[in-house]
Amino acid sequence: MTSTVPDPPAPPPNRRRPPAPGALRPCLPSPLQEIEDAPFARRGIRLLLKRDDLIHPDLPGNKWRKLAPNLRAAEAAGDRTLLTFGGAYSNHLRATAAAGRLLGFATIGVVRGEELAGAPLNPSLARCAADGMRLHFLDRAGYRRKDGPEVLGALRDRFGAFRLIPEGGSNSLAAQGCTELGRELRGAAGTVAVACGTGGTLAGLAAGLGPGQRALGFPVLKGGRPHFLQEAVERLQHAAFGGPRGDWRLADRFHCGGYARRTPELDAFADAFEDRHGLPLERLYVAKMLLGLTTLAGEGAFAPGSTVAAVITGTPDPEPCPGPDPGR
């Protein structure tokens with residue numbers, strides 16, 4: 001059996017408000033911005049930034065693209081409660097909580113790490129709670145079995161009926177939603193880079209790109225076994241499209257120790273990039289992807305005269321915000 005802790009006090013009922021008109025109106029297609037960056041320019045490579053971070057202020061980047069088809073399916077089925085999973089710094093949890101606030105869904109976030117239950121909420125989880133998400137902390141052994149009938153059954157016994165959205169939002173609907181990202185980039189660059197957590201964005205991106213284009217994924221997790229993310233992308237493409245789609249590969253040297261891990265090299269790189277371009281970098285995904293892309297450019301991985309595009313999938317972590325008791 002899994003070990004859980006008592007739920008926090010119920011947050012304010014803002015999730016039950018009717019959605020505001022145009023609440024989820026996205027800015028699409030997202031802007032494509034060319035920047036002059038010395039590590040690329042001195043090798044004759046054009047660098048483009050696909051600014052998916054500007055799609056929506058509360059559901060930026062790949063979170064919009066993956067959640068939108070799942071939200072449409074939930075509304076069509078009449079499901080008004082969403083349950084999903086994530087770590088303590090999960091951008092996906094934040095986006096799901098924001099979607100619930102904007103559209104009137106109840107949201108439940110199952111957070112990895114029972115030991116976090118008695119600690120002050122970090123800014124990401126505080127934002128989730130302020131947006132009306134009910135946080136439920138699960139021990140790590142139980143979290144590893146989160147897709148199994150025992151854990152899901154216990155969650156349904158505790159919370160009642162809910163629509164399940166997987167960790168990271170990656171399922172067949174999400175992969176289908178991310179094909180539009182690839183379509184928006186057709187003909188723009190030979191290589192399109194994206195950070196990878198659960199593989200849904202890469203699966204859809206590769207499927208949407210045109211002939212002669214390649215998607216390059218940068219895993220941000222160290223992984224528990226070899227090729228786990230490659231297998232995940234393959235499964236998602238099979239579920240979404242019936243089989244493999246597009247040209248894609250993984251560059252797995254740049255996780256910087258694993259999810260939510262940072263190194264002095266990563267921080268120094270991100271600080272310098274921000275100073276050069278005035279663009280705040282999200283450190284857990286985007287900075288790792290750009291560090292990897294810059295390293296590969298320096299190693300000669302891209303031919304002079306080529307163009308590479310980097311998908312900016314998210315924004316930096318939020319500042320602490322008022323909300324329910326941060327001790328819960």
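**Note on helix 6 and the largest pocket**

1. P149 and D157 are exposed (over 50% relative accessible area, 1.4 Å probe, protein chains only) on the other side of helix 6 from the buried residues (under 20%), which are V151, L152, L155 and F159 in this helix of residues 149–159. Helices are DSSP runs of H or I with at least four residues, strands of E with at least two, numbered from the N terminus.

2. The model is predicted, with local features needing pLDDT of at least 70 and side-chain atom pairs 80 or more, while totals for chains, interfaces and linings use all residues. Residues are numbered from 1 along each chain, and side-chain values use heavy atoms, without hydrogens and water.

3. Viewed down the axis of helix 6, the buried residues fall within an arc of 95° (from axis to C-beta directions), so they line one face of the helix.

4. The cover over these buried residues of helix 6 includes strand 3, strand 4 (106–112), strand 5 (134–138), helix 5 and strand 6 (163–165), with contact meaning heavy atoms within 4.5 Å.

5. After helix 6 comes G160, which has a positive phi, near 85°.

6. The largest pocket (open grid points, 1 Å spacing, 1.4 Å probe, protein on both sides within 12 Å along at least five of seven lines; lining atoms within 4 Å) has a volume, the space filled by probe spheres, of about 1,300 Å³. Of its 46 lining residues, R112, K146, E167, T198 and L221 are the closest to the centre.

7. Elements that each supply at least two residues of this lining include helix 2 (62–77), strand 7 (191–196) and helix 8 (200–208), while the largest share, 5 residues, comes from helix 9.
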